[in-house]
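Welcome, and thanks for taking a look at this one with me. Have the fold open in your viewer, and we will walk through it piece by piece.

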Amino acid sequence: MATSSRRTENAAAKAGATSAAKAAEAPVASAAASAQAVPPPIAPLPALTLRQVQYFVALAHSRSFTQAAQALSVTQPALTAAIRQIEFLLGGRLFERSAHRLTLTDAGTTILPLAERLLNAARGTFDDMTSTFTLQAQTVRIGFIPSVAARLLPVLGSLREAHPNVRFALSDLPNSELVAALARGEIDLGVGIRDEADEAGHAANTEGFRCDDLFDDEIVLVARHDDPLASAGAVNWAQLTERDLAVFVRGNVSDSLQRTGGSQNLRLEPKYRMEYTEPLYALVRSGLALAILPRLYTLHLHDPALVALDVIAPRVTRTVALMSLVGKERGPQVSACRDWIATHLAT
C-alpha cells in the first residue's frame, strides 16, 4: 500500500511539472504568434485627390479660371483654392498668372500628361469596379487605325467567343492620335504603325512604350480596269511620275510617297487628298487619278471597275504593331487581350 501511494505521488509530481513547463512556454508561443500576425506597415497615400488633379487638368486645357470653374460646376474661388492646394502639395507653381494670360510653368507642362494619364487610368479602373456588380466583366479599351479593322475585328470577335466576360471599347483613330491617346492612358492597347521616320511612330518606339510587330502592310496602286497600267501584274514608281495621284489626307502614306520619290529622284506629289475610301475610289473610277493606299484597304475591294496592283522598285511597306504602355496594364483581361491579338493577328 505504501509503495502504491508513493507511485501515485510521483506520477502527480511529474504531471504537475509538465503542466508548469507548458504554462511557461505558452506566453512565449503566444507572443511569437502575435508578432507574426502583425501586418507590415502601409505607406500613406499623398494628400492630393483625384478631384484636385481633375481641376488642374481642366484649368490647364482651358487656361481660364472662369471657363474651368463652369465646366467643373464649382465656384471660381473654390477652383482657385484647389489649385493653390495642389501647388502646395507638389511643392511648386503650376501656372504663371498675369492680368491677361494664364500659362503653364515648365513643371506644369511636364506634369500635365502624367495627370491626364492618372485620371484616365482612374476612370477605367472605376468602370471595372462598377462592372463587377453589373456585367461581371472588364472593358478593354482598344484604339486602331482604320485600315486594320478588317483584320483586327474578327480576331476580337473570336476572343469574345472564347471569353464572353470580356468587353471592348473601340476607337478608330489616325496613327498620331492613337499614340497620343495611349500615352495619356485613354486606351489600353493600340494597333497602329511603327515607323521611326514618322513622328508618332517614333514616339511609339520611345521608353515606356511596348511595341509588338504584327505584320507588314504593303503600299499598292488602285487603277481602273481599263487603264494602260492595269494589264501589268505590277508597276514601278517611275511609271507614276506623269500621272495624277490620290492619297488619304490623314495617315503616313503621303509621307512614305515623298520619301520614296526622294530616294529614287522621282517627283511623286499627290494631287488629291481624300478623307474617306469611297471618294478615293470614285476619283479612280472617273479616270481623274490613280490611288496610292495600303493593301489592307483593298482586302474587300470587289469592284469590277477597279484593280489593285503591286508597286515595285522598290516595294514600300509599313509595319503594323500592337502598342501598349510598359507596366500600365489595368488588369489581367488587358494582358490576356494583348496576348490574344499578338497570337492571332501576327503573321
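Let us begin with a pair of helices: H2 and H4 pack with their axes 9 Å apart, at an angle of about 105°. The two helices are therefore roughly perpendicular to each other. On the H2 side, the contact is made by Gln-52, Val-53, Tyr-55, Phe-56 and Leu-59. On the H4 side, the partners are Leu-79, Ala-82, Ile-83, Gln-85, Ile-86 and Leu-89. Please keep in mind throughout that this is a predicted model.

**Around H2**

H2 covers residues 50-62, which makes 13 residues. From its first C-alpha to its last it reaches 18 Å, close to the 18 Å expected at 1.5 Å a residue. Buried residues in H2 are Gln-52, Val-53, Tyr-55, Phe-56, Val-57, Leu-59 and Ala-60. Several of these names have already come up, since Gln-52, Val-53, Tyr-55, Phe-56 and Leu-59 of H2 take part in the contact with H4. A general point helps when reading such lists: an α-helix has 3.6 residues a turn, so residues three or four places apart point the same way.

Is Ala-58, another residue of H2, buried or exposed, or does it fall in between? At 21% relative accessibility it counts as partly exposed, because the buried class is for values under 20%. Leaving aside neighbours within four places in sequence, Ala-58 is in contact with Ala-68 and Leu-72. Ala-58 also lies 9.8 Å from Glu-116, C-alpha to C-alpha, although the two are 58 residues apart in sequence. Just after the helix comes Arg-63, whose phi is positive, near 55°.

**H3 against H4**

H4, which spans residues 76-90, also packs against H3, residues 65-72. Here the axes are 9 Å apart and the angle is about 100°. That makes H3 roughly perpendicular to H4. H3 contributes Phe-65, Thr-66, Ala-68, Ala-69 and Leu-72 to the contact, and H4 contributes Gln-76, Leu-79, Thr-80 and Ile-83. Two of the H3 residues, Ala-68 and Leu-72, are the ones that Ala-58 touches.

**H6 and H11**

Further along the chain, helix H6 (residues 149-162) and helix H11 (residues 332-345) have axes that come within 10 Å and cross at roughly 125°. The two helices are therefore oblique to each other, and H6 passes H11 in a right-handed crossing. From H6, Arg-151, Leu-152, Val-155, Leu-156, Ser-158, Leu-159 and Ala-162 meet Cys-337, Trp-340, Ile-341, His-344 and Leu-345 of H11.

Ile-341 in H11 deserves a closer look. At 0% relative accessibility, Ile-341 counts as buried. Beyond its neighbours within four places in sequence, Ile-341 is in contact with Ile-142, Leu-152, Val-155, Leu-156, Leu-189, Leu-214, Leu-322 and Ala-346. Val-191 is 150 residues away from Ile-341 in sequence, yet 9.4 Å away in space, C-alpha to C-alpha.

**Loop residues**

Glu-186 sits in the loop between helix H7 (175-183) and strand E5 (189-194). Its relative accessible area of 34% makes Glu-186 partly exposed. Not counting residues up to four places away in sequence, Glu-186 touches Asn-120, Arg-141 and Ala-181. Arg-123 is 63 residues from Glu-186 in sequence and 9.2 Å from it in space, C-alpha to C-alpha.

As background for the backbone, most residues other than glycine have a negative phi, and most peptide bonds are trans. Where, then, is a cis peptide bond found? It joins Ala-313 and Pro-314, with omega about -5°. Pro-314 lies in the loop between strand E11 (306-312) and strand E12 (317-325), and Ala-313 is found in that loop too. Here are the residues with positive phi:

| Residue | Phi |
|---|---|
| Arg-63 | near 55° |
| Asn-265 | near 55° |
| Ala-313 | about 60° |

Asn-265 belongs to the loop between helix H9 (253-263) and strand E9 (272-274), and with a relative accessible area of 73% it is exposed.

**The whole chain**

Stepping back, the protein chain holds 11 helices and 12 strands. Of its 347 residues, 38% count as buried. Among contacts between residues at least 6 apart in sequence, 74% join residues at least 24 apart. The accessible surface comes to about 19400 Å², of which 56% belongs to carbon and sulfur atoms.

Notes: Residues numbered from 1 in each chain as written. Predicted model: local features only at pLDDT ≥ 70, side-chain atom pairs only at ≥ 80, totals over all residues. Heavy atoms only, no water. Helix = DSSP H or I, 4+ residues; strand = E, 2+ residues; numbered from the N terminus. Buried < 20%, exposed > 50% of the residue type's maximum accessible area, 1.4 Å probe, protein only. Contact = heavy atoms within 4.5 Å. Areas by Shrake-Rupley, 256 points an atom, 1.4 Å probe, with all protein chains shown as cover. Expected span 1.5 Å × (residues − 1). Axes fitted to C-alpha atoms, helices over the stretch in contact; angles between N-to-C directions. Parallel < 35°, antiparallel > 145°, perpendicular 65-115°, else oblique. Left-handed = near helix turned anticlockwise from the far one by under 90°.
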